[in-house]
Structure formats: C-alpha cells, structure tokens
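Visitor: Please show me a structure and explain how its descriptive labels are justified.

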Amino acid sequence: MTKLLTVPLSIAIILSVTGCNIKGVANAFIDNHNEREELKQQAEEIVECFNTGDIDTLEAMFCEKVRTNNDLSLEIQNAFDCLEGNIVSYEYLNLGLVGSITDGKYVEKRYYIILTLTTDKNNHYSIDLTRFFVNDSKPESIGIYQLRIWIETQKNVNGEIMQDKKLLYDIR
C-alpha cells in the first residue's frame, strides 16, 4: 500500500512546488541540456583553436566585456604560447550551473568548465572557463567571461607523489 502512495504523492509534491508549471520545468530542463551540449561542443572548438592557433574563432567566443577591455588577440596569442606542443588528448568536466532566479526566470546563469589537456610533449595543463548564458544585470558578460591556463606537475614530497598546479595565464 505504501508503494502505491509513493508515486502519486511524489507527483503531487512536484506539482505543488512548481506551481503546476510542468511546461516551465520541462523547458528549463531542455534549455539546460542544450546549454550543456553547446558547452561540450565549444570545448572541442577551444581545443582545436589551441592546436591550430585560431585566434579569431576563440576571440568570438568571449563576451563583449572581455573583448572590449583587453587586447584580446594578443591575450589569446599569449595563452596559446603557454602550451608546449600540440594537444593529443583532453578530458572535459562540466562543474555545473550556477544561477539566480527571479519571478521564475533566470536572471543570471553561468557554467564552470575544466579542460584537462595532455600535449605531445607529455605536459599536462588545465583550462578553466567561466561562461555566462544569462546575466540580466551585465548583459555584456554573456559568453566566455574568464579563461585560465594552469600547468600541472607532480613532485615527490617525502616519498609521496603530490600534484602541483601553477597558474600560467588568466584572461578576463
């Protein structure tokens, strides 16, 4: 009997929390899914930009604020110069969505992404990205808002292997 009540009770709770706005919940889920897919594709494009030295494509991914407050072509070239060798493999990690909702609508929505890279010179790097999809208070920040490059090394401390991470470059 308890199992029979669990499903209807769960549905009732969801409906009461969402204000019977199943369409809104479904649309938010679809939007978030589409954004995650776009981020994954953009990560592939970023890796390709680093391998080919494509400044223009990477520059277009940045938000207006970063494009206008920096000599972005030079900043990107400096970022490219941080990596020794060509990227031979990478792992993509989406740390998730951070956002603010007002009146049932996102007023700020950003994702944090980490790309862990290995080059043909056997160097290990990570690229951390912050990307805004929505920012009603600062619409000029929509796009890649920050890109940081780290080099990752290992060192032996008292017989124990420790990971060391050093910031090489920061664009924001």
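The questions below concern hairpins, aromatic pairs and charges over rings in this predicted model.

Visitor: What makes β1 and β2 a pair of strands?

Guide: Two strands pair if at least two bridges are found between them. β1 and β2 have 14 bridges, in the antiparallel sense, and therefore meet that definition. One of the bridges sets Y90 opposite L117 in β2.

Visitor: How do you know that β2 and β3 pair?

Guide: The strands β2 and β3 are joined by 11 bridges and run antiparallel; the requirement is at least two, so they count as a pair. Within this pairing, T118 stands opposite H124 in β3.

Visitor: Why is D103 called exposed?

Guide: The relative accessible area of D103 is 80%. The label applies over 50%, so D103 is exposed. D103 is found in the loop between β1 (87–102) and β2 (105–119), a hairpin with two residues between the strands. Its phi is near 50°, a positive value in a residue other than glycine.

Visitor: What makes N122 exposed?

Guide: N122 has a relative accessible area of 55%, and the cut-off is over 50%, so the label applies. N122 lies in the loop between β2 and β3 (124–135). That hairpin has four residues between the strands, and N122 takes a positive phi near 60° there.

Visitor: How many aromatic pairs does a search of the whole structure find, and why is that of Y111 and F133 called edge-to-face?

Guide: The search finds three aromatic pairs. The ring centres of Y111 and F133 are 5.5 Å apart, and the limit for a pair is 6.5 Å. Their planes stand at 80°, and over 60 degrees counts as edge-to-face, so the label follows. Because Y111 lies in β2 and F133 in β3, the pair ties together parts 22 residues apart in sequence. Both Y111 and F133 are buried.

Visitor: What makes F132 and Y145 an edge-to-face pair?

Guide: Their rings are 5.3 Å apart, centre to centre, with 85° between the planes; centres within 6.5 Å and planes over 60 degrees apart give that label. The pair links F132 in β3 with Y145 in β4 (residues 143–157). F132 counts as buried because its relative accessibility of 6% is under 20%. Y145, at 24%, falls between 20% and 50% and therefore counts as partly exposed.

Visitor: Where do charged ends sit over rings?

Guide: The charged end of K109 sits over the ring of Y106, 4.3 Å from its centre. Likewise, the charged end of K165 sits over the ring of W150, 5.1 Å from its centre. Both distances satisfy the limit of within 6 Å.

Terms used
Residues numbered from 1 in each chain as written. Predicted model: local features only at pLDDT ≥ 70, side-chain atom pairs only at ≥ 80, totals over all residues. Heavy atoms only, no water. Buried < 20%, exposed > 50% of the residue type's maximum accessible area, 1.4 Å probe, protein only. Phe/Tyr/Trp six-rings, centres within 6.5 Å; stacked < 30°, edge-to-face > 60°. Lys NZ or Arg CZ within 6 Å of the ring centre and 35° of its normal.
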